[in-house]
Amino acid sequence: MERYVELDQVGMRFDTSKGSFTALQDVKLAIARQEFVSLIGHSGCGKSTVLNIIAGLLLPTDGIAIAHGREIAGPGPDRAVVFQNHSLLPWLTCYGNVHLAVERVFGKSESKAKLAERTEQALAMVGLSHARDKHPNEISGGMKQRVGIARALVMEPKVLLLDEPFGALDALTRANLQDELIRIVARTGSTVVMVTHDVDEAVLLSDRIVMMSNGPAATIGEILDVNLPRPRDRLALASDPAYHACRAQVLGFLYQKYGQRAVA
Amino acid sequence: MTAVKSIAGAAAAAEARPLRRNRVWPAPFEAIRRPVGTLLRVAVPPLLGILLFLLLWVLLAQGSGGSLPGPAATWLSARELFADPFYRNGPNDQGIGWNVLMSLGRVGVGFGLAAVVGIPLGFLIGRFDFLARMSAPVISLLRPVSPLAWLPIGLLVFKAADPASIWVIFISSVWPMILNTAAGVRAVPQDYLNVARVLRLSEWKVFTVILLPAVLPSMLIGVRLAIGVAWLVIVAAEMLTGGVGLGFWVWDEWNNLNVEHILIAIFVVGIVGLLLEQLLVWLAKKASFGQEV
């Protein structure tokens, strides 16, 4: 298997006022190109920490993190992040927010017209061409998250990192965006790492589900291969025994093996 | 079909019966009831307040046995005064318009200098913890000092009245600008800075695209506090330094025992202060982009 992103014996300690706190320990994970991997676990298990290490926003205190053959030394546009709370800049329009990323990544090599075209295309891809001149406070939460996804994808990242991207949305909007994400990822062939606490979301979207044990000193408990054919359809899957088997495995891990903590 | 009809029938019946047991007004009154209600809520309390204030004033004026002029006398005097606001009879006798403009000019210069110094300083103090710790003792010591205490220092250094009063405005309005800008910089959400890190924006881009717009609302709060203080202080400073200006004018009219003019000055100071404040509130709204101000 090609190791596109690799974490080897990664550990993360934070220095707090009460001494050192070990959040992660011995995390070993390899992700192949064009793979969709979900990280799932109870809250506080360090799944976002793993994502932030891949993003380069955090540097691991132990072990080594590698992306496309190089040690991760910091964040960069090759590993785009869709943040949990969208993180759009409120003083820029949807167009402005996406354009900021386009300008940074392609500004030196391409003409202004081409940059504008890329921005428009990214907005069209998430179905927001009509909202291009709106500010983030004028659009719904689902639309904001779609702008966030457009901003990440427009950079043509090697790895797309999603930190509970649909966590703050209602169930219907969430389902729509999941379907949209399935289509976009199929079209762009992105490598994706997604943090989630939603079992259905993980099974529906992922090739592999990485289940994490509870913290402190959390690590990878089990990895489940989701061998469901693509394209996946949420209605057809609802009556698919293989889908339910996957679901049952993840639920079993979360609530039997590591069920001692209340679910957030 | 019958089901639909019965629902429609029920709705019609409900409409015929008023839901709330209000008094039923004749149709034309019903149409204007709402706007009249809004008018009553919005306009009546302030008008009532002003009326009570005037009443109190009249009572006080009558009680003072003629030493405090009432609203009517003040109004007549004001009409005379504002008929020719821009006359000039030598350095100590100029129109009310000149006095207001001179005061505003001093506030503008002192305040502008305070912005030029205070805002960049606030950015530095907010961005670098070392500078914040370094400046904290000095700022906490100097900030509570009454602005007028700085006037002798200004007179000593500048040897002239005008720069000294500008200096007082500067020193009194620089603190809110420094502190609020610094607080704004410290409160920039980490999320925005993470976006900058993922995009690897240049320092200049981080400043113009993220820091400056994120800090703007709290910076403008500082500016608003500062202009309030500056306008408070200018009247007092001018009383002490003389020249042309509202403060000097108040003191001059006190020496002339023209109490009507003193009252007019109080209103002019109040109204100009109110307008400055409103201007900045409006600016702050424009700059907030739906964030909390």
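Guide: Two strands pair if DSSP finds at least two bridges between them, and strands (E, at least two residues) and helices (H or I, at least four) are DSSP runs, numbered from the N terminus. What you see here is a predicted model, where local features need pLDDT of at least 70, side-chain atom pairs count only at pLDDT 80 or more, and totals for chains, interfaces and linings use all residues. Residues are numbered from 1 along each chain as its sequence is written, while chains are lettered from A and ligands numbered from 1 in the order in which they are written.

Visitor: How do you know that strand β1 (residues 5–16) and strand β4 (residues 62–67) of chain A pair?

Guide: Count the bridges: there are 5 between β1(A) and β4(A), in the antiparallel sense. The cut-off is at least two, so they pair. You can follow individual partners too: V5(A) stands opposite A67(A), and L7(A) has A65(A) as its bridge partner.

Visitor: What makes β4(A) and strand β5 (residues 70–71) of chain A a pair?

Guide: Here there are 2 antiparallel bridges. That meets the cut-off, so β4(A) and β5(A) pair as well. I66(A) stands opposite E71(A) in β5(A). The hairpin of these two strands has 2 residues between them, and H68(A) takes a positive phi near 35° there.

Visitor: What makes β2 (19–31) and β5 of chain A edge strands?

Guide: Each of them pairs on one side only. The open sheet has 4 strands in the order β2-β1-β4-β5 (chain A), with antiparallel pairing.

Visitor: Why is V268(B) called buried?

Guide: A residue is buried if 20 or more other C-beta atoms (placed from the backbone) lie within 10 Å of its own, exposed if 12 or fewer, and partly exposed in between. V268(B) has 20 such atoms, so it counts as buried. You'll find V268(B) in helix α11 (residues 259–288) of chain B.

Visitor: Which residues does V268(B) touch, not counting those up to four places away in sequence?

Guide: I96(B), V100(B) and L246(B). Residues are in contact if their C-beta atoms, placed from the backbone, lie within 7 Å. The C-alpha atoms of V268(B) and F82(B) are separated by 11 Å, with their positions 186 residues apart along the chain. For chain B as a whole, 29% of its 293 residues count as buried.

Visitor: And R33(A), what makes it partly exposed?

Guide: R33(A) has 15 C-beta neighbours inside 10 Å. That falls between 12 and 20, so R33(A) is partly exposed. Look for R33(A) in the loop between β2 and β3 of chain A.

Visitor: What stands out about the phi of D26(A)?

Guide: Phi of D26(A) is near 50°, a positive value in a residue other than glycine. Most residues other than glycine have a negative phi, and most peptide bonds are trans. D26(A) lies in strand β2 of chain A and is partly exposed, with 15 other C-beta atoms within 10 Å. S87(A) also has a positive phi, near 50°, but 22 C-beta neighbours inside 10 Å make S87(A) buried. S87(A) sits in the loop between β6 (79–82) and α2 (94–106) of chain A.

Visitor: Where is there a cis peptide bond?

Guide: Between R230(A) and P231(A), with omega about -5°. P231(A) belongs to the loop between β10 (220–225) and α7 (234–237) of chain A.

Visitor: How many residues are in the largest nonpolar core, and which touch the most other members?

Guide: This core has 134 residues, and I54(A), V98(A), A150(A), L161(A), V193(A) and V250(A) touch the most other members. α9(B) gives the most to this core, with 18 residues. A nonpolar core is a set of buried Ala, Val, Leu, Ile, Met, Phe, Trp, Tyr and Cys residues joined through C-beta atoms within 7 Å. Leaving aside neighbours within four places in sequence, L161(A) has contacts including L51(A), I54(A) and V193(A).

Visitor: How many residues of the two chains are in contact?

Guide: 15 residues of chain B are in contact with 18 residues of chain A. On the chain B side, α8 (190–199) and α9 (203–241) each supply at least two residues, and α8(B) has the largest share, 7 residues.

Visitor: How confident is the predictor about chain A, in mean pLDDT?

Guide: pLDDT is the predictor's confidence in each residue, from 0 to 100. Chain A has a mean of 89, and 97% of its residues reach 70 or more.
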